[in-house]
Amino acid sequence: MLNPVGIFIFLATYVAISARRVGALGIERPTAALLGACACVAFGVVTPDAALDAIDLGTLVLLFGVMGMGAFLVVDDFFGVLESRLDGLSTSPHWVLGATVWGSGILAAFVTNDAVCLLATPIVVRWVQRFDQPPTPFLLALATGANTGSAATLVGNPQNMLCGQLGNLGYGDYLWTAVPITLLALAANHAVLHKVYRKSLHAKAAVSPAPTVAFSRDHGMTLTIILGTAVVYTVGGSLAWTAAAGFALLLVIHRKRAHAVWAHIDGSLLLFFAGLFVVVKGLQQSGATNWLFAHFPLAGLASDHGMMGLAGLFLIGSNIVSNVPFILVVEEQIATLGDPTTAWTLLALVSTFAGNLTFLGSAANVIVAHESRAVGGFGFWEHFKVGAPVALISTAIAVGWMAL
């Protein structure tokens, strides 16, 4: 029997989260998730112990460790140095457009798409102002490139971390499948941007290059640890505890600046995830997901329409419900499929590519638009013109590659 209270709490929480993303309500997304979790316990939808059990600590530890390692790049002004090094190489706007797509994509695979967008948007804004270029192509290159590239690893974005933990995916096995798909998707991403904006870019104004700043020994040590964790992931190390160990090691190595790191770790994101785990558990306890999948089982969709059918559901569902709650909703159904590992891999890839489908599909899009207000940012339809074809082509690449 359906419990309408659990369904209502989930819907109210989702509306609050979505409305916040477009600025309609005055509460933050983590606050909405926490309120929803507390309501689930207060109204008896889930017991206090069941609510705590619903929180996947492995995902939270992994996210914390990756954010912590990325925070050292902020403290050491890695992106500022990178900006000065690239300034003299940016011989044409077309070169910069491609470098933005590929650079943001590769970095996102290791330090998450949201972090790359937050840190790199000011660099893009300063560049377009300095060289009098139209901002939209370069801002979209950053947002879509980071989203696309983050699909390459299980630590590239929160939804991949979640799929890796819930699906017990091996980092190396996922890498073997995801890297060629992501490289092809980045190439498609670059091609779409070039086709749409090739006539909008113009020759760079004659501006003297900014003073070049050298990378430091601290930058080298931080990047070495981040790449070292990727090696440990690949040989079978725990995703969560390898990331935590990498962060702990950096705290020791950079102990004189360790106190400055904590301000750059987004604790509200951890709170958001914890609350969402409980709210989705409440939805499951309400009987709504059982009713839905009894009438529309995932196994039936896979049987009738194959991998393309699953990918279509994952793409649309990730935009309607948002990718993280959608992953939690379909978790039990994926276990009913003949090859759950392949399904989890497909879900990680497509839920990431889905972030490019619409403006609200990924927090990275919102971050770039918000942080680039000085040059006008970009709106829903400007994003859709590029993001939709990029998402659809990337998804088709993933399905085709995995089918082969």
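## Helices, cysteines and a histidine

The crossing of helices α16 and α18 is right-handed (seen with one helix in front, the near helix is turned clockwise from the far one by less than a right angle; anticlockwise would be left-handed). Helices here are DSSP runs of H or I with at least four residues, numbered from the N terminus.

A quick note before you start: this is a predicted model, where local features need pLDDT of at least 70 and side-chain atom pairs count only at pLDDT 80 or more, while totals for chains, interfaces and linings use all residues. Residues are numbered from 1 along each chain as its sequence is written, and side-chain values use heavy atoms, with hydrogens and water left out.

**Exercise 1.** Work out how α16 and α18 are oriented to each other.

*Step 1.* Find the helices: α16 covers residues 340–353 and α18 covers residues 380–403.

*Step 2.* Get the angle, which is about 165 degrees, with the axes 9 Å apart. Axes are lines fitted to C-alpha atoms over the stretch in contact, and angles run from 0 to 180 degrees between N-to-C directions.

*Step 3.* Pick the label: α16 and α18 are therefore roughly antiparallel (over 145 degrees; under 35 is roughly parallel, 65 to 115 roughly perpendicular, the rest oblique).

*Step 4.* Look at who meets whom: residues of α16 including Leu346 and Phe353 are in contact with residues of α18, among them Ala398 and Met402 (contact means heavy atoms within 4.5 Å). Sorted by class, this contact has eight nonpolar, four polar and no charged residues (nonpolar: Ala, Val, Leu, Ile, Met, Phe, Trp, Tyr, Cys and Pro; charged: Asp, Glu, Lys and Arg; polar: the others, Gly among them).

**Exercise 2.** Do the same for α10 and α18.

*Step 1.* Helix α10 spans residues 171–197, and its axis comes within 9 Å of that of α18, crossing at roughly 150 degrees.

*Step 2.* So α10 and α18 are roughly antiparallel too. Their contact has 17 nonpolar, three polar and two charged residues.

**Exercise 3.** Explain why Cys40 has no bonded cysteine partner.

*Step 1.* Count the disulfides: zero (you'd need two cysteine sulfur atoms within 2.5 Å).

*Step 2.* Check the distance: the closest cysteine sulfur to that of Cys40 is in Cys38, 9.3 Å away, so it's too far for a bond.

**Exercise 4.** Is His219 buried or exposed?

*Step 1.* Place it: His219 sits in helix α11, residues 217–234.

*Step 2.* With a relative accessible area of 4%, His219 is buried (under 20%; exposed is over 50%, partly exposed in between, with a 1.4 Å probe and protein chains only).

Technical notes:
Helix = DSSP H or I, 4+ residues; strand = E, 2+ residues; numbered from the N terminus. Disulfide = S-S within 2.5 Å.
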